[in-house]
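Me: I would like to go through this model term by term, setting each value against the definition behind it.

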Amino acid sequence: MLFSAVSLIALLRLLATLGLTTSQQVQLLGLDARAVRLALQTGRPLPLSPEQQQRIRLSVAIAQAVHVLYNRYPEQWFTRENARSPFDGRTPLAYVRAGGTAALVATHRSLLADLNGPFSTSPEARALASRLPQPDIDLDE
């Protein structure tokens, strides 16, 4: 598949709103920096492998979810340490860089769960919450 230079520019601008540098964006997408630079300079489309296509789809979905969930400061989400699973104390960017496409999938799933229901919590947080005192609630008043 060929990815147009115009689409590439739009994608890079979207990822820039998350506070990612161009170098981090290219790495996140699994693209070759020289090929990206050439596509941007010449306007020629960028050939993409199926894995790169998947990484682009996941990155767009992640960016959209981050903007919905963290709309006040989306540019901090990727570079802020996160104790939740699957990040386990690392930044989402470090997690994705180390884990590749599988880490992008896990990141997307985590954000998708937050968009579709209660925010996920760690087992430690659930255990702590279960030990908190609970007030008596009388619904007949």
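**Terms and values**

Me: Why is aspartate 88 called exposed?
Reply: Aspartate 88 has a relative accessible area of 55%, and exposed means over 50%, buried under 20% and partly exposed in between, with a 1.4 Å probe and protein chains only, so the word applies to aspartate 88. This is a predicted model, in which local features need pLDDT of at least 70 and side-chain atom pairs count only at pLDDT 80 or more, while totals for chains, interfaces and linings use all residues. Residues are numbered from 1 along each chain as its sequence is written, and side-chain values use heavy atoms, with hydrogens and water left out.

Me: What makes the backbone notable at aspartate 88, and what joins serine 85 and proline 86?
Reply: Aspartate 88 is not a glycine, yet its phi is positive, about 50 degrees; serine 85 and proline 86 are joined by a cis peptide bond with omega of about 10 degrees. Most residues other than glycine have a negative phi, and most peptide bonds are trans. Proline 86 lies in the loop between helix 5 (74-77) and helix 6, and aspartate 88 is found in that loop between helix 5 and helix 6 as well, helices being DSSP runs of H or I with at least four residues, numbered from the N terminus.

Me: How do you know that helix 6 has a kink?
Reply: The bend at a residue is the angle between axes fitted to the seven residues ending there and the seven starting there, and in helix 6 the kink is about 135 degrees, centred on glycine 100. Helix 6 (residues 92-116) spans only 20 Å between its end C-alpha atoms, whereas a straight helix of 25 residues would span 36 Å at 1.5 Å a residue, the expected span being 1.5 Å times one less than the number of residues.

Technical notes
Helix = DSSP H or I, 4+ residues; strand = E, 2+ residues; numbered from the N terminus.
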